[in-house]
Amino acid sequence: MIERNKGLANIAAGYLFPEVAKRRREYQAKHPQAKIISLGVGNTTEPLTPHVARAMADYAKSLGTKAGYSGYGEDLGLTPLRERIAQVLYHGLISADEVFISDGAKCDIARLQTLFGSKARIAVQDPAYPVYVDGSVIQGAAGKSGARGYKGVTYLPCTAENGFFPDLDRIKPGTLIYFCSPNNPTGATATRAQLKRLVDFANRNGCMIIFDAAYFAFIRDEKLPRTIYEIPGAKKCAIEVNSFSKLAGFTGVRLGWSVVPAALRFADGTPVRQDWTRIVTTLFNGASNIAQAGGLACLDEEGQRETRALVDYYLENARIMQETLTGKNFNDAGVQVFYTGDSPYLWVKFPGWKSWDIFDKILDECNVVTTPGSGFGPAGESYLRFSSFGHRGDVKEACRRLSKLVL
């Protein structure tokens, strides 16, 4: 008999977001009249912008012609898209041949875990996007779950007390560091000085950084870095993963990219880009040509104007939620709201509550879905993540309900 992958056997519970969806379904089944509003999973809600949608529709239509049909695309992504990403989003900090087009940041993270293998030593922000840890467990780079998280994972608490930036001295040399900014779920965005500390630490200690910048488009403070490659030395220690999902509402379209600098090397001197090319061309068959046509449209002048307006829409939703969650009923209960204005997420602490308990209370009394902070790591206990991805009318109605919550 073939034995089960021990990594899957070590996963302690279901993935966070399906569990949230399961609880919502169960509640809806018991309360069929309830009109549930989701401020939980970070799925975009607004239509694709006209210019971008038209570009994909035109490309799809052309596939029905001899002149316009295309089969397999370029292995590493359309050259014009790689060039435009390097020029428009990185302003020449990287070159086009360091850009690898994918079907999204989450998928790239999984492939990167294959690249580094089961012997990789990992460290993650706590709280953090669950796939960093769960994928590592499945890959075999982490062990069974215990009272303080998974064996073999160095958890780096990011709390209000340390300004949501971790104590790097907890990290051992030769560690793969997962770092997300703007952070999911806390919304905290690292400053230039903080990222310099991270890059300098990695270079001194032979570490590599997987830098998740999927929410870069939400940064409105011009002093904050939008890519780790704004930091000197980053090209020697960091891989960046990124996505059109939140930039342009491509959560269902599926399009992203990774940046693997030519200067990045393994301990034996092998270029990381060499092995990453092998992984991508072996385990992935390229992003949809239709999606890549949409990506190109996102990055021309009209597309940039439209997508910025789309992100501004969600940022206004976040401002509305912040106003509600800092209202009298929450303030009197000691609720703390952490929000910088540079993220789609509000990170909210409910003192004295377990995350799933306050999740259930808000679902039951307000018919509003949130995301339990404990699902992102031990340091997320007592927190909820509120997502600004929603229709404006739904967000306002959810806020009206929340304003009446008794804590």
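Here is a chat between a student and a tutor about the predicted model shown above.

Student: Hi! Let's start with the middle. Which residues touch the most other members of the largest nonpolar core?

Tutor: Those are Ile85, Ile209, Phe244, Trp257, Ile362 and Phe386, in a core of 131 residues.

Student: And which helix gives the most to this core?

Tutor: That would be helix H11, residues 301-325, with 8 residues.

Student: Can we zoom in on Phe244? What is Phe244 in contact with, leaving aside its neighbours within four places in sequence?

Tutor: Phe244 is in contact with ten residues if you count the list, but let me just name some: among them are Leu81, Ile85, Phe250, Trp257, Cys298 and Leu299. Ile85 and Trp257 also appear among the residues that touch the most other core members.

Student: Nice. New topic: where is Thr371, and is it buried or exposed?

Tutor: Thr371 lies in strand S14, residues 371-372. Thr371 counts as buried because its relative accessibility is 0%.

Student: What is around Thr371, again leaving aside neighbours within four places in sequence?

Tutor: The contacts of Thr371 include Leu16, Phe17 and Val20, then Gly40 and Val41, and also Phe376, Tyr383, Leu384 and Arg385.

Student: What about holes? How many cavities of 30 Å³ or more does the structure hold?

Tutor: There is 1, and the volume of the largest cavity is about 40 Å³.

Student: Which residues line the largest cavity?

Tutor: The lining includes Gln113, Phe116, Ser136, Gln139, Leu176 and Tyr178. At least two lining residues come from each of helix H5 (105-116), helix H6 (131-139) and strand S7 (175-180).

Student: How do the lining residues divide into nonpolar, polar and charged?

Tutor: They divide into 6 nonpolar, 4 polar and no charged.

Student: Okay, cysteines. How many disulfides does the structure hold?

Tutor: The count is 0.

Student: Why is there no bond between Cys237 and Cys207?

Tutor: Because the sulfur of Cys237 is 8.9 Å from the one in Cys207, its closest cysteine sulfur, and that is too far for a bond. A disulfide needs the two sulfur atoms within 2.5 Å.

Student: And how far is Cys399 from its closest cysteine sulfur?

Tutor: The sulfur of Cys399 is 10 Å from that of Cys366, so a bond is ruled out by distance there too. Cys237 is buried, at 1% relative accessible area, and Cys399 is buried at 5%.

Student: Switching to the backbone: which peptide bonds are cis?

Tutor: Two to look at are the bond from Asp126 to Pro127, with omega near 10 degrees, and the bond joining Ser181 and Pro182, with omega about -10 degrees. Pro127 lies in the loop between strand S3 (121-126) and H6, while Pro182 is in the loop between S7 and helix H7 (192-204).

Student: Why point those out?

Tutor: Because most peptide bonds are trans, and most residues other than glycine have a negative phi.

Student: Then which residue here has a positive phi although it is not a glycine?

Tutor: His91 is one of them, with phi about 50 degrees, and Asn367 is another, with phi about 55 degrees. His91 is in the loop between H4 and strand S2 (99-102), and Asn367 is in the loop between helix H13 (355-366) and strand S13 (368-369).

Student: Are those two buried or exposed?

Tutor: His91 counts as exposed, at 68% relative accessibility, whereas Asn367 is buried, with a relative accessible area of 16%.

Definitions and conventions: Residues are numbered from 1 along each chain as its sequence is written. This is a predicted model: local features need pLDDT of at least 70, side-chain atom pairs count only at pLDDT 80 or more; totals for chains, interfaces and linings use all residues. Side-chain values use heavy atoms; hydrogens and water are left out. A nonpolar core is a set of buried Ala, Val, Leu, Ile, Met, Phe, Trp, Tyr and Cys residues joined through side-chain atoms within 4.5 Å. Buried means under 20% relative accessible area, exposed over 50%, partly exposed in between (1.4 Å probe, protein chains only). Helices (H or I, at least four residues) and strands (E, at least two) are DSSP runs, numbered from the N terminus. Contact means heavy atoms within 4.5 Å. On a 1 Å grid over the protein atoms alone, a cavity is a set of points where a 1.4 Å probe fits but cannot get out, and a pocket is an open set with protein on both sides within 12 Å along at least five of seven lines; lining residues have an atom within 4 Å of a point. Grid points are joined across faces, edges and corners, and a volume is the space filled by probe spheres set on the points. Ala, Val, Leu, Ile, Met, Phe, Trp, Tyr, Cys and Pro count as nonpolar, Asp, Glu, Lys and Arg as charged, and the others, Gly among them, as polar.
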